[in-house]
Amino acid sequence: LQGDISVLDDTDSIQVASTYIFPNRKTYDNYCNGLAQQLRPEGEALFVDTHKVEFSRMVSDVKFSYRPTAEFSITEATPYLFFNGNCREAMEFYKESLGGALDIMEYAGSPIVAELPPNTHNNVMHSSLVLSDHARLMASDSCGTGKEVSIGDNVAISVNFSSDTEITTSFQKLSAGGTVIFPLAEQFWGGKFAQFVDKFGIVWMLHLSLDSSCTKPVIEITPYLRYNGACRDAISLYNTVLGGDLDFKTFEGSKMGASLPKENQKQIMHSLLQWNNKKCSMMASDSGPGNVISFGGNASVSLLFTKEDKAREVFDRLSEGGEVLEPLKRPFWGGLFGHFKDRYGLSWMVVGPHGSGNCATEASEANDA
């Protein structure tokens, strides 16, 4: 059952307030009739008797509420990169550094090629580098309209590795010609970590857990969002709109926080938002004093949906107060697509289903398998 239980202790009694998230009204009504459900994306349910739950102390109040969520229709959250004509070079560099299968499509042969300058016809319209079922990186060139992509560092590519050999080799290759911020080394939280900006201006965070119980069986890629003090508000908004489980830690009480000014203690040191039974996730943090994050157009978060109504809902809610770059519509390749910046400066791409045999359906089936 998706939800959380918070216990508020005072001098008189313990108050238990339970907040559960339901995908539709029917499952909420079933719960109110005494049946809890283990909710699954496709609507299947496992019923259990909730009346057998016992509390050792008095429960003064239990409240239930209905709130629809988009989280079960999201099958993928992927970093999407933009380049000024050198996308092919960058993606081939990433393939050489990380391995995987690379697929590239050019503007040449597409319905919009006649609208573009001749020197951009061989630029990359879309590319995808697949490393595992949990690791995909996508990218394209700007379409030659005269508007160049601005370089920022607010979105980093976070990569979890499954072995020391993998992370060491990938760090050496990916950081070549770039700027190393944190060399690959063991950290106080129990893992190996490195951070750098590659030669194409993309920020990378590489991680390997040294706890055998937390070791990843395959390589994983997750968008990592960075803010100048607005992380708590931003990630809370994403949690409200997308649903899922949010966990975060502030600088207060940490080894890193001991050296920070008091006004920075409450800022977010690390946060993790997971949804769709932890099939999708993204991370975020504040930069801390002295490290000013710049918001550019070279990296975005792409969300893939299986349901059109949920894609439209998320587009409308997250773009409110921001800037719509491409309205949500059906492009020539089918499906549904929209591009915007939210009120905190983060760039999003919303991709809806194509119908039978579409990429969203295929992604969902692959995840279920």
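Strands β6 and β7 (residues 124-132) pair in the antiparallel sense, with six bridges between them. Within this pairing, Ser127 in β7 is the bridge partner of Ile104. The model analysed here is predicted.

The pair belongs to an open sheet of eight strands. The strand order is β6-β7-β8-β5-β17-β20-β19-β18, and the pairing is mixed. Two strands form the edges, β6 (101-106) and β18 (323-329). Each of these edge strands pairs on one side only. On average, neighbouring strands of this sheet are turned by 20 degrees against each other, direction ignored. Helix α2 packs on the sheet. The strands touched by α2 are β5 (74-83), β6, β7 and β8 (135-141). The direction of α2 makes about 5 degrees with that of β7.

Helix α2 also has a helical partner. Two packed helices are described by the angle between their axes and the distance between the axes. For α2 (residues 87-98) and α3 (residues 164-174), the angle is about 150 degrees and the axes lie 8 Å apart. Angles over 145 degrees count as roughly antiparallel, and α2 and α3 are therefore roughly antiparallel to each other. Their crossing is right-handed. On the α2 side, the contact is made by Phe93, Tyr94, Glu96, Ser97 and Leu98. These residues meet Ser170, Lys173 and Leu174 in α3. By class, the contact of α2 with α3 has four nonpolar residues, two polar residues and two charged residues.

A further open sheet was examined. Eight strands form this sheet, in the order β10-β11-β12-β9-β13-β16-β15-β14. Here the pairing is mixed. The edge strands are β10 (179-187) and β14 (245-250), and each pairs on one side only. From one strand to the next, the twist averages 20 degrees.

Strands of a sheet pair through backbone hydrogen bonds, either parallel or antiparallel. Strand β13 (residues 220-227) and strand β16 (residues 280-286) run parallel and are joined by four bridges. Leu225 stands opposite Ala284 in β16. Helix α4 (residues 231-242) lies across β13, β14, β15 (268-275) and β16. With respect to β15, helix α4 runs at about 10 degrees.

Definitions and conventions: Residues numbered from 1 in each chain as written. Predicted model: local features only at pLDDT ≥ 70, side-chain atom pairs only at ≥ 80, totals over all residues. Heavy atoms only, no water. Axes fitted to C-alpha atoms, helices over the stretch in contact; angles between N-to-C directions. Parallel < 35°, antiparallel > 145°, perpendicular 65-115°, else oblique. Left-handed = near helix turned anticlockwise from the far one by under 90°. Contact = heavy atoms within 4.5 Å. Nonpolar A, V, L, I, M, F, W, Y, C, P; charged D, E, K, R; others polar. Pairing = 2+ DSSP bridges.
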